[in-house]
Amino acid sequence: MRQVRFFPVLLLAVFLSSCNDDFLIKDVGTEGQGALSLSLSMDNGVAVSKADGTEGGEMTAQDTLDNFRVEIYRKVSDGMNDGIRLYKALYADAKNELIPLDAGDYCLRAKFGDSLGVGFERPFLMAEKEFTVRPQTKETVSAVAKIANVKVSVDFGEYFQEYYPDYYVKVINNDPKLIGYKNSVRFDKDEVRSAFIHHGEMTVEVYADFKGDGDWKYYQISGIDADNDGVIADSEKFRYSPNDHVTFDIDAADKLYGNLLVNIRIENGTDDKSYQAE
């Protein structure tokens, strides 16, 4: 009777072992370690200027990915390594590595560009992924990089261009934490490119020569209520999140008095919105 009971258990043990052989690795160091391979991709093709470090033209998607700074942190405290970076490399090197890690929970962060950078063709891209490493097992972690600052465009309407021969627009981030850093970008008359700026509360300033007679007018478009001690009265229209693409459509409301019509479009791929600014 003992043999009858033992035989099926033995078969089950052999079967489970054979199923797991393809996933087990025996050359990653200690028994408490696993190994990690990385795969990065971009949410959308972003044209990145080589002005960020190399000469001329645009970087290909693969060029951009290869220049991501890859970092791995422990996610859960073990009493010693909470928040400590355990790995750092360019993706060009990391993508070809099998990275040994102790079993546990981790966070992958991959970044390209300057998080506080402001200007044209200067996106800050980031991918972030939490993952778990199991002992004696190879894990493949895939992460998708998205724009982590705000993309800003300004479109000037037909009547605005007719009534205002000369003009420019400034988009300003109101975050006081950015004092000491560049916090604004200027769109001149013939500028058609999009710019990138740190996320947060924005103010738009329009400077325009009405009718070309040297009578320059100033317009401020923001959620700040100047009659209420600067309280943010309508913040939803003017507070933007990472990966938002904000377009300010500016046109003339009339020919006599120099009033403007401003429409704000916010696109983020999931919950696009449009507002009429007052």
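Visitor: Which residue does Leu 36 stand opposite in strand 10?
Guide: Its opposite number there is Glu 139. Please keep in mind that this is a predicted model.

Visitor: What makes strand 1 and strand 10 count as a pair?
Guide: Pairing needs at least two bridges. Strand 1 (residues 33-42) and strand 10 (residues 138-147) share eight bridges, so they qualify, and the sense is parallel.

Visitor: How do you know that strand 9 and strand 10 pair as well?
Guide: Strand 9 (residues 125-133) is joined to strand 10 by two bridges, in the antiparallel sense. The requirement is at least two, so two bridges meet it. Leu 125 stands opposite Ile 147 in strand 10. The two strands form a hairpin with four residues between them, and Gln 136 in the turn has a positive phi of about 55 degrees.

Visitor: Why are strand 5 and strand 6 said to stand at the edges?
Guide: The open sheet has seven strands in the order 5-4-7-9-10-1-6, with mixed pairing. Strand 5 (85-90) and strand 6 (99-102) each have a single partner strand, so one side of each has no neighbour in the sheet. From one strand to the next, the twist averages 25 degrees.

Visitor: How many bridges join strand 4 to strand 7?
Guide: Six bridges connect strand 4 (residues 69-74) with strand 7 (residues 104-112), and the two run antiparallel. Arg 74 stands opposite Tyr 106 in strand 7.

Visitor: Which strands pair with strand 12?
Guide: Strand 15 (residues 200-210) does so over eight bridges, and strand 13 over five, both in the antiparallel sense. Val 169 has a bridge partner in each: Val 206 in strand 15 and Phe 187 in strand 13. Strand 12 (residues 166-173) is mostly covered, with six of its eight residues buried.

Visitor: Why is the pair of Phe 120 and Phe 187 called edge-to-face?
Guide: The planes meet at 85 degrees, which is over 60, so the label fits. The centres are 5.4 Å apart, within the 6.5 Å limit for a pair. Phe 120 in strand 8 and Phe 187 in strand 13 are 67 residues apart, so this pair links distant parts of the chain. Both rings belong to buried residues.

Visitor: Why do Tyr 159 and Tyr 163 get another label?
Guide: Their planes are at 25 degrees, under the limit of 30, so this pair is stacked. The centres lie 6.1 Å apart. Both residues sit in helix 4 (residues 158-163), four residues apart, about one turn of the helix.

Visitor: Are Tyr 159 and Tyr 163 buried or partly exposed, and what makes them so?
Guide: Tyr 159 has a relative accessible area of 42%, between 20% and 50%, so Tyr 159 is partly exposed. Tyr 163 has 14%, under 20%, so Tyr 163 is buried.

Visitor: How do you know that Arg 193 lies over the face of Phe 120?
Guide: Arg 193 is at 4.3 Å from the ring centre, which is within the 6 Å cut-off. Likewise, Arg 109 lies over the face of Tyr 73 at 4.8 Å.

How values were computed
Residues numbered from 1 in each chain as written. Predicted model: local features only at pLDDT ≥ 70, side-chain atom pairs only at ≥ 80, totals over all residues. Heavy atoms only, no water. Phe/Tyr/Trp six-rings, centres within 6.5 Å; stacked < 30°, edge-to-face > 60°. Buried < 20%, exposed > 50% of the residue type's maximum accessible area, 1.4 Å probe, protein only. Lys NZ or Arg CZ within 6 Å of the ring centre and 35° of its normal. Axes fitted to C-alpha atoms, helices over the stretch in contact; angles between N-to-C directions.
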